[in-house]
Amino acid sequence: WMALTPRAGTIDAPVARNPRFRRQMGVVADGKHAITHYETLEAYHIRGNITPLASKVMCELETGRTHQIRVHLTHAKCPLIGDPVYGQPTATRLKRIHAAGYVLTDEALGVLQSFNRQALHAAQLTLIHPKTNEEMTFECPLPEDLVRLENTLAALTIKG
């Protein structure tokens, strides 16, 4: 729930099974080559706070490693909202926001507390068909729960 610096760039870091936490993947020196290009589309700032509450980030993958986006964004200190494996569960993050002295409306609190998955969506997926070698592109609109989350963050903050 932070901001990537710079706002656009490339994360080139090898990904493999985390040697300390075997149920997770991680950036590991002898891992498989992995490249993620990213661009911050929106950064949602609480008034008076220089650190964004959250950011909307578009990622384009050059490689397709297991959990690549989650691992690369966590490595860049920008874990996904609602990712209990690589970041913080939403409830933990909300406690930290509250402890920092910020007050959320009941409606906003409800939306954030009820968000029980990773804030991750594949808007477009392009693949090469294994038999025909044809490039195939699939698109999917943002699901309602992510639209609700985005609208809530926008209403709580000033965009930057």
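This briefing describes the fold of the protein, a set of its residues and its backbone exceptions. The model is predicted. The protein has four helices and eight strands, and its radius of gyration of 17 Å agrees with the value near 15 Å that a compact globule of 160 residues would have. Helix α1 is mostly covered, and threonine 36 and threonine 63 each make a side-chain polar contact with Gln68, one of the buried residues of that helix.

**Overall build**

- Read from the N terminus, the order of elements is β-β-β-β-β-α-α-α-β-β-α-β.
- Along the principal axes, the C-alpha atoms occupy a box of roughly 55 × 35 × 30 Å.
- Of the 160 residues in the protein, 31% are buried.
- Among contacts with a separation of 6 or more, 56% are between residues 24 or more positions apart.
- The exposed surface of the protein comes to about 10100 Å², and 54% of this is supplied by carbon and sulfur atoms.
- The protein carries 18 positive and 15 negative charges, and the mean positions of the two sets lie 11 Å apart.

**Helix α1 and its cover**

- Six of the eight residues of α1 are buried.
- These buried residues are Gln68, Ile69, Arg70, Val71, His72 and Leu73.
- The cover over them includes the strands β1 (8-12), β2 (15-17), β3 (25-27), β4 (35-45) and β5.

**Threonine 36**

- Threonine 36 sits in strand β4.
- Its relative accessible area is 1%, so threonine 36 is buried.
- The side chain of threonine 36 makes two polar contacts with side chains listed here: one of 2.8 Å with glutamine 68, and one of 2.7 Å with histidine 72.
- Beyond its neighbours within four places in sequence, threonine 36 is in contact with Gly9, Thr10, Ile11, Cys59, Glu60, Leu61, Gln68 and His72.

**Threonine 63**

- Threonine 63 is found in the loop that runs between β5 (54-61) and α1 (68-75).
- Threonine 63 counts as buried because its relative accessibility is 16%, and the cut-off for buried is under 20%.
- The side chains of threonine 63 and glutamine 68 are joined by a polar contact of 2.9 Å.
- A polar atom of the threonine 63 side chain also lies 3.0 Å from the backbone nitrogen of isoleucine 35.
- With residues up to four places away in sequence left out, threonine 63 touches His33, Ala34, Ile35 and Gln68.

**Two leucines in helices**

- Leucine 109 belongs to helix α3, residues 106-114.
- Leucine 109 has a relative accessible area of 27% and is therefore partly exposed.
- Apart from residues up to four places away in sequence, leucine 109 touches Leu94 and Leu104.
- From C-alpha to C-alpha, leucine 109 and glycine 9 are 32 Å apart, with a sequence distance of 100 residues.
- Leucine 156 belongs to helix α4, residues 144-156.
- Leucine 156 is partly exposed, as its relative accessible area is 23%.
- Outside its neighbours within four places in sequence, leucine 156 is in contact with Leu53, Leu104, Ala108 and Leu112.
- Leucine 156 and threonine 40 are 116 residues apart in sequence, and their C-alpha atoms are 18 Å apart in space.

**Backbone exceptions**

- Threonine 5 and proline 6 are joined by a cis peptide bond, with omega at about -5 degrees.
- Proline 6 lies in the segment before β1.
- Lysine 77 has a positive phi, near 65 degrees, in a residue other than glycine.
- Lysine 77 comes just after α1, in the loop between α1 and α2 (90-99).
- Lysine 77 has 58% relative accessibility and so counts as exposed, since the cut-off for exposed is over 50%.
- Asparagine 133 is not a glycine either, and its phi is positive at about 65 degrees.
- Asparagine 133 is placed in the loop between β6 (124-128) and β7 (135-139).
- Asparagine 133 is exposed, with 62% relative accessible area.

Terms used. Residues numbered from 1 in each chain as written. Predicted model: local features only at pLDDT ≥ 70, side-chain atom pairs only at ≥ 80, totals over all residues. Heavy atoms only, no water. Helix = DSSP H or I, 4+ residues; strand = E, 2+ residues; numbered from the N terminus. Rg over C-alpha atoms; globule rule 2.2 N^0.38 Å. Buried < 20%, exposed > 50% of the residue type's maximum accessible area, 1.4 Å probe, protein only. Contact = heavy atoms within 4.5 Å. Areas by Shrake-Rupley, 256 points an atom, 1.4 Å probe, with all protein chains shown as cover. Lys, Arg positive; Asp, Glu negative; His and termini not counted. Charge placed at Lys NZ, Arg CZ, Asp CG, Glu CD. Polar contact = N/O pair within 3.5 Å; in protein donor to acceptor, adjacent residues only side chain to side chain.
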